[in-house]
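Got your viewer open and a coffee within reach? Let's walk through this model stop by stop, selecting a few residues at a time.

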Amino acid sequence: MHLIKSSKIKLLLSSLICINLYAANDAFDDKIISDKRLKNFELSGEQIKEDSSKLRKDWINPITYQYTNNLGEEYKTQRSVISINQPIFQSGGIYQAIKYADSTYKYAELDLEQQKKELIKDALNILYNIERTNLNIQKAKYTLENAKIDVNRKKEQVLNGFLDASYLDDALLTLNTTKHNLVDLKYQKQELINNFNNISSKEYTNFELPTFKLFDEKEFLENNLNLKKIEADVMKKGNYSYMTMAKYLPSVNAYYTYSKYHEIDDNSSLDKDNTHTVGLTLNIPLDSRTFNDIQSKKIDYLKSKLNLENSKDDEKTFFKTKLDKIAMIDERLQITKDDLEVYDSILKIINEEKDAQIKTQSDLDTLQNSQKIKSLDLKVYEIDKQLELLEMYAKLQ
């Protein structure tokens, strides 16, 4: 789903909605990034295009114009020379040079896309953690209520001689720790908001968080942005390796020279008529470093292919680790759900005992607050799961 405006941050916690990879990737809407950062990405994209266009033309030699004004003592002459020496055959090097430019462009484009996606992921990660902190603040408030109830209970028991004063002291320490924890959480939330403002120029409350679904390893590898970038690097280095080899193979150049004297100052030895020279040259480079240079580029190409295989293994391990983490979170969710069922059954008994004046309102309030804390734990675990899925989706193109 797209990031859309909302009165508050909301996370659909009831279930993971069924969306395909492309719809899920709409969650990585670049509208979350500030205009200045988007402009920087836009300029980088334009620069990549210009650099690629220049690289595609690198095999074309420039036309040279030379003007000579000879201020000799006996004769003064003025002459213009236009010349070009252009390769027309380089043993496949020209074709590979164009392919190299294209693969370089693709690699740079994917790298820029990866940078943008990483930034959007960081922004979404902060939004999830703001919501997580909001939940933890609610939990801390319920914990604070229970701590206050416990202090009052211990105070009454100490005054009536049922408990030693050390129990009251421990309860006061717990109350104080809970207050400090609440203060820390409020600071953490503000720190997250400040970090979000570094990325986005809009209020964090303007965005609704997406909900991601699980998908299989095949989808993950086929749509993996990092692997696509490494594949482009393999192609780029393969083309460059062939270009290097072609550099040491025979090549044919066509040349043309046009020469004209504008002024010969009555020098009879010079012809003021225009002269043209057209021809072909065969070049066979003989360089003692040829083998080393070619082998070095081949090795670099082979290394890039191995890097691709290693990266595939790394991504598979990453995927498995995330699935294991999600499975662990699911186990915690189930444990918490079981705990809530226990709280429900106990609360029924406490309510009956309160009506029978066996238990007090404080006993009931303490248990209800603990039940609310457990309910919030469910939402926190759902966010933890979404954070893991966010890491996975951030890798997809």
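**Stop 1: the lining of the largest pocket**

Start with the open space. The residues that line the largest pocket are a mixed group: 8 are nonpolar, 4 polar and 4 charged. That lining consists of 16 residues, and the pocket has a volume of about 310 Å³. To centre your view, select Gln90, Gly93, Met243, Thr244 and Lys247, which lie nearest the centre of the pocket. Please keep in mind throughout that this is a predicted model.

Now colour by helix. Helix 3, helix 6 (225–247) and helix 7 each supply at least two of the lining residues. Which helix provides the largest share of the lining? Helix 6 does, with 5 residues.

**Stop 2: along helix 6**

Stay with helix 6 and show it as a cartoon. Helix 6 has 23 residues, and its first and last C-alpha atoms are 33 Å apart, close to the 33 Å expected at 1.5 Å a residue. Then go to the start of helix 6 and show side chains: a side-chain oxygen of asparagine 224 comes to within 3.0 Å of the backbone nitrogen of asparagine 226.

**Stop 3: zoom out**

Reset the view and show the whole chain. The protein has 8 helices and 4 strands, arranged along the sequence as α-α-β-β-α-α-α-α-β-β-α-α. Of its 397 residues, 36% count as buried.

**Stop 4: the nonpolar cores**

Next, select Phe28, Ile32, Leu124, Leu127, Phe196 and Phe212. In the largest nonpolar core, which has 38 residues, these six touch the most other members. Helix 2 (35–56), helix 3 (93–159), helix 4 (165–199), helix 7 (290–355) and helix 8 (361–393) each supply at least two residues of this core. Helix 3 gives the most, with 10 residues. There is also a second, separate core of 11 residues, and Ala140, Ala147, Val158 and Ala171 are among them. In soluble globular proteins, nonpolar side chains tend to be buried together.

**Stop 5: serine 200 and isoleucine 32**

Keep Ile32 on screen and add serine 200, which you will find in the loop between helix 4 and helix 5 (217–222). Is serine 200 buried or exposed? Serine 200 has a relative accessible area of 3%, so it is buried. Look for its partner: a polar atom of the serine 200 side chain lies 2.8 Å from the backbone oxygen of isoleucine 32.

**Stop 6: pairs far apart in sequence**

Select phenylalanine 41 in helix 2. With a relative accessibility of 10%, phenylalanine 41 counts as buried. Add leucine 112: the two are 71 residues apart in sequence, yet their C-alpha atoms are 7.4 Å apart in space. Now add glutamine 115, which lies in helix 3. Glutamine 115 and phenylalanine 41 are 74 residues apart in sequence and 8.9 Å apart in space, C-alpha to C-alpha. Glutamine 115 is partly exposed, with a relative accessible area of 41%.

For another pair, jump to alanine 27, in the loop between helix 1 (21–25) and helix 2. Alanine 27 has 1% relative accessibility and so counts as buried. How many residues separate alanine 27 from leucine 390 in sequence? The answer is 363, while the C-alpha to C-alpha distance is 9.8 Å.

**Stop 7: helix 7 and two positive phi angles**

Select helix 7 and put a distance label between its ends. The 66 residues of helix 7 should span 98 Å at 1.5 Å a residue, and its end C-alpha atoms are 96 Å apart, which agrees. Just after helix 7, glutamine 357 takes a positive phi of about 60°. Glutamine 357 lies in the loop between helix 7 and helix 8 and, at 74% relative accessibility, counts as exposed.

Finish with serine 91, in the loop between strand 2 (76–89) and helix 3. Its phi is near 55°, a positive value in a residue other than glycine. Unlike the exposed glutamine 357, serine 91 is buried, with a relative accessible area of 16%; the cut-off for buried is under 20%.

Definitions and conventions. Residues are numbered from 1 along each chain as its sequence is written. This is a predicted model: local features need pLDDT of at least 70, side-chain atom pairs count only at pLDDT 80 or more; totals for chains, interfaces and linings use all residues. Side-chain values use heavy atoms; hydrogens and water are left out. A nonpolar core is a set of buried Ala, Val, Leu, Ile, Met, Phe, Trp, Tyr and Cys residues joined through side-chain atoms within 4.5 Å. Buried means under 20% relative accessible area, exposed over 50%, partly exposed in between (1.4 Å probe, protein chains only). On a 1 Å grid over the protein atoms alone, a cavity is a set of points where a 1.4 Å probe fits but cannot get out, and a pocket is an open set with protein on both sides within 12 Å along at least five of seven lines; lining residues have an atom within 4 Å of a point. Grid points are joined across faces, edges and corners, and a volume is the space filled by probe spheres set on the points. Ala, Val, Leu, Ile, Met, Phe, Trp, Tyr, Cys and Pro count as nonpolar, Asp, Glu, Lys and Arg as charged, and the others, Gly among them, as polar. The expected span of a helix is 1.5 Å times one less than its number of residues. A polar contact is a pair of N or O atoms within 3.5 Å; within protein, one must be able to donate a hydrogen and the other to accept it, and residues adjacent in sequence count only if both atoms are side-chain atoms.
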